[in-house]
Amino acid sequence: MLTKKVKNRILFLIFVFVISIFAIFFILKSLNKNILYFSSPSEIKQKEDIPFGKAMRVGGMVKKGSIVISQKDIQFVVTDFENEILISYSGTVPNLFAEEKGVVAEGKLSDKNFFKADRILAKHDENYMPPEIKEIIKKNAK
Amino acid sequence: MLSSIGISLVVLVLILSFLNIYTASLDLKTSSQSINKSVYKLSLFQTTFTVLSFFTLIIGFINSDFSLINVYENSHTTKPFFYKIAGTWGNHEGSLLLWINILVIFSYLFLVFSQAHNKKYRLYTLIFQNILILGFLFFLLLNSNPFNSIYPVPLEGLGLNPILQDPALAIHPPLLYVGFVGCSIYFSAAMASLLSSYGGKSFAQSIKNWVKISWSFQTLGIIVGSIWAYYELGWGGFWFWDPVENASLLPWFAITALMHSLIVLEKRNTLYAWVIILCLSTFILSVTGTFLVRSGILNSVHTFASDPSRGIYILFFLSLMIFSALTIFFLKYKKENYNFNLKSRETFILANNWFMAFFLATVLIGMLYPIFLDVLTNVKISVGPPFFNIVIIPLVVPFMFLMAIGPKFGWVKSQNKFFYKTLFLILGAVAINLFIFYFFGKYSFLTNLVFIAAIFLILHSFLDIKKFINNKFKTELPRIISHLGFALLVFFIGINHQFSLEEDFNLKVGEIKKTNKYQINFEDIKIKESKNYKAVIGNFKLINLKNNLVQYLNPEIRIYSNPETLTYEAAIKTKINSDLYLTMSNVSRSDYYNIKFQNKPFMIWIWISSLMIALGGFTRLTLKKNED
């Protein structure tokens, strides 16, 4: 026979266990819904199941001479030296945004050649290059 | 010159740390009741030399002594005096020296201010703290020495990243360091407490003030960082759930849980093991955060110049810390009896700890998941604000209800005589929320709940303040301030988020942009030369179409020469009920300037309420022993 105290303790442990399982499940589920995938222009071209209209990140180098500014927005071409993609954005750009510099844009894909960005990520340091872009450049520079 | 002085001082500190450990362990074996005088002396010498080494580096920066690599890489002769000093801790090596300074100073202060406590416990604390000091000293000397010299001596330095040349950011690292490194002292104290079997109430009393100090400074440091992000980064936001920000939040959750359960240990002499775990994990999380940031593992917008070799050393040290902490904990852990009544204050404090643990787990998972996925599958992802918002915001609602009701319960067991009052306050909160909902705008169901919970906690705190004025419970003032601050913070962030106005567009000089509420005239631009930068200042005339109020906003584009960098300075007009926020940028010298215009309600109140949270901590420090 279990005493009342032991029973209470077991009940409490089960309670804690169930709550923790729920909490972890809830966290992981939300995590899966809210991750942003990072793709290079080439990956966007090649992948079949790329989701349109879902938030994601695209990165590469801003192509030389490709920045066009109109009253409404800023358009520029991001390249990974194999493929490129046109990005449009409105708002202020981070201070290190320039031609032939690395850039990461967050937003949605309209089609395989056009990306609408909500945010362009700032980097504090001019010598810094996002690791994703470094990898792309290393791969394609060969 | 300075290089050899600096290195000698650091080596001297290193030797003194060894001596300190040696004399302290000798003193452990003596039967005398008080600690040997030589331990005090050694600690005092150690502190003096550490502080002197830091001043040596500061002098190097003030005099622009470019024979030090560190000064050469991070300073420049034309830099304003204040930023020359701030440059000392604005880089990895210098900030590590500051880190060691705080370890040493806290070690000495603990020794001096803990005289009422057990001798063995104090000596063990000193020994563990000195082991930590040694670990970081070796790191400094072997890997990140700020006193390394360079020859031939360069004529001019490379300059400090202009984005760091800002008053808020200059004081931000010292604040955070007192907060994060200050945790080390109760990490050591927790280990000492296990080894010397000096637990329970007296242990709680000995670390209480240290927890309050580091909690208050951590809170303040995080707030100052957010304020900086708000006006310097030009996005108009102040919290981005960026990995670096998350890294600062992890220890904060642990220490907040610690601060609450420590009260239970002091008053009820229970939860000892849990308090120890929190003491250990707070500092471990602080070092983990530093490791992730400095090693460049985390991909963040605030990237520090990073170096993997630093990471390996910190990782090694971190594993050693965790391993020894766990070993000692499991060897010395004694079983406790928990006797908690559901309707008691300790139960509610435990509930607070559960919430903190949940928030901590969420942020930790969100932070580490991308790293694991990258290592395991080479898929690059990032976890954005929506994840944190979805997981954390719903839990803030019950959390705030408990924050209001919990302190109403007495220790051990109490009756809830205040059921009707609570119900009345909830109804009041619902009514106020409905008022806002109908007159100012519509928002989601969840936002409704958040507002109701926040208003409920605010009303509750006001009643508490009334009671406080009638002098019914004097000691609760710090709690009231912090809890009210938190409620106001949630409330104003909610309002701010719901009713912010944002417009993005491009304009040429002389053009006009009309939105629903405002007309913005881009009148002209001016060029201004400053000591170390050139500024392009835009002049924007802002006409409020409702009341024809005219205001001028002057955002800047600054072109720094050393190093050559652009920064965008937002023009911010702060008023009691809203902030007007305008930034402009320019790409490739185009005729068009990119403008971001925002109207952000109650921004100043977000700062005031978050400062209230920290103020609560500082107020608690001023309480006398018997009042707390």
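In this predicted model, chain A and chain B meet through 33 residues of chain A and 42 residues of chain B. On the chain A side, α1, β1 (35-39) and α3 (131-140) each put in at least two residues. The largest share comes from α1(A), with five residues. Sorted by class, the side of chain A that touches chain B holds 18 nonpolar residues, along with nine polar and six charged ones.

The contact between the chains also includes strand pairing. β1(A) lines up with strand β1 (residues 381-383) of chain B in the antiparallel sense, and three bridges link the two. Within this pairing, Ile35(A) sits opposite Val383(B) of β1(B). In general terms, strands of a sheet pair through backbone hydrogen bonds, either parallel or antiparallel.

Back to α1(A), then. This helix covers residues 4-33 of chain A, and its 30 residues should span 44 Å at 1.5 Å a residue; the end C-alpha atoms turn out to be 44 Å apart, so expectation and model agree. As for burial, just two of the 30 residues of α1(A) count as buried, so the helix lies largely in the open.

Strand β4 (residues 74-79) of chain A is another story: five of its six residues are buried, so to speak mostly under cover. Several strands of chain A pair with β4(A). Strand β2 (residues 56-62) of chain A runs antiparallel to β4(A) with two bridges, and here Met61(A) has Thr79(A) as its bridge partner. Strand β3 (residues 68-69) of chain A likewise pairs with β4(A) over two bridges, in the antiparallel sense. Val68(A) is matched with Gln75(A) in that pairing, and four residues make the hairpin link from β3(A) to β4(A). Strand β5 (residues 84-89) of chain A is joined to β4(A) by six bridges, again antiparallel. One of the facing pairs is Ile74(A) with Tyr89(A) of β5(A). β4(A) and β5(A) form a hairpin too, with four residues between the strands, and Phe81(A) takes a positive phi there, near 70 degrees.

Turning to chain B, the domain assignment gives domain 1 (1-159) and domain 2 (501-604). The centres of these two domains of chain B, taken over C-alpha atoms, are 44 Å apart. Domain 1 of chain B brings six residues to the contact, and domain 2 of chain B brings four. On the domain 1 side of that contact in chain B, two residues are nonpolar, three are polar and one is charged.

Chain B has an open sheet of four strands, ordered β2-β11-β10-β9, with antiparallel pairing. The edges are taken by β2 (501-507) and β9 (571-574) of chain B; each has a single partner strand, so one side of each is left without a neighbour in the sheet. On average, and ignoring direction, neighbouring strands of this sheet are turned by 10 degrees against each other. The pairing of β2(B) with strand β11 (residues 593-601) of chain B is antiparallel and comprises seven bridges. In this pairing, Leu501(B) is bridged to Asn599(B) of β11(B).

Chain B also has a hairpin, built from strand β5 (residues 533-544) and strand β6 (residues 550-553) of chain B, which pair antiparallel over four bridges. Leu542(B) finds its bridge partner in Gln551(B) of β6(B). Five residues lie between β5(B) and β6(B), and in the turn Asn548(B) has a positive phi of about 60 degrees.

Finally, there is Ala170(B), a residue of helix α7 (residues 167-196) of chain B. Ala170(B) has 21 C-beta neighbours inside 10 Å; buried status takes 20 or more, so Ala170(B) counts as buried. Setting aside neighbours within four places in sequence, Ala170(B) is in contact with Phe82(B), Tyr83(B) and Ala86(B). Asn145(B) is 25 residues from Ala170(B) along the chain, and the C-alpha atoms of the two are separated by 21 Å.

Notes:
Residues are numbered from 1 along each chain as its sequence is written. Chains are lettered from A and ligands numbered from 1 in the order in which they are written. This is a predicted model: local features need pLDDT of at least 70, side-chain atom pairs count only at pLDDT 80 or more; totals for chains, interfaces and linings use all residues. Domain bounds come from an automatic or database domain assignment. Two residues are in contact if their C-beta atoms, placed from the backbone, lie within 7 Å. Ala, Val, Leu, Ile, Met, Phe, Trp, Tyr, Cys and Pro count as nonpolar, Asp, Glu, Lys and Arg as charged, and the others, Gly among them, as polar. The expected span of a helix is 1.5 Å times one less than its number of residues. A residue is buried if 20 or more other C-beta atoms lie within 10 Å of its own, exposed if 12 or fewer, and partly exposed in between; C-beta atoms are placed from the backbone. Two strands pair if DSSP finds at least two bridges between them. Axes are lines fitted to C-alpha atoms, for helices over the stretch in contact, and angles run from 0 to 180 degrees between N-to-C directions.
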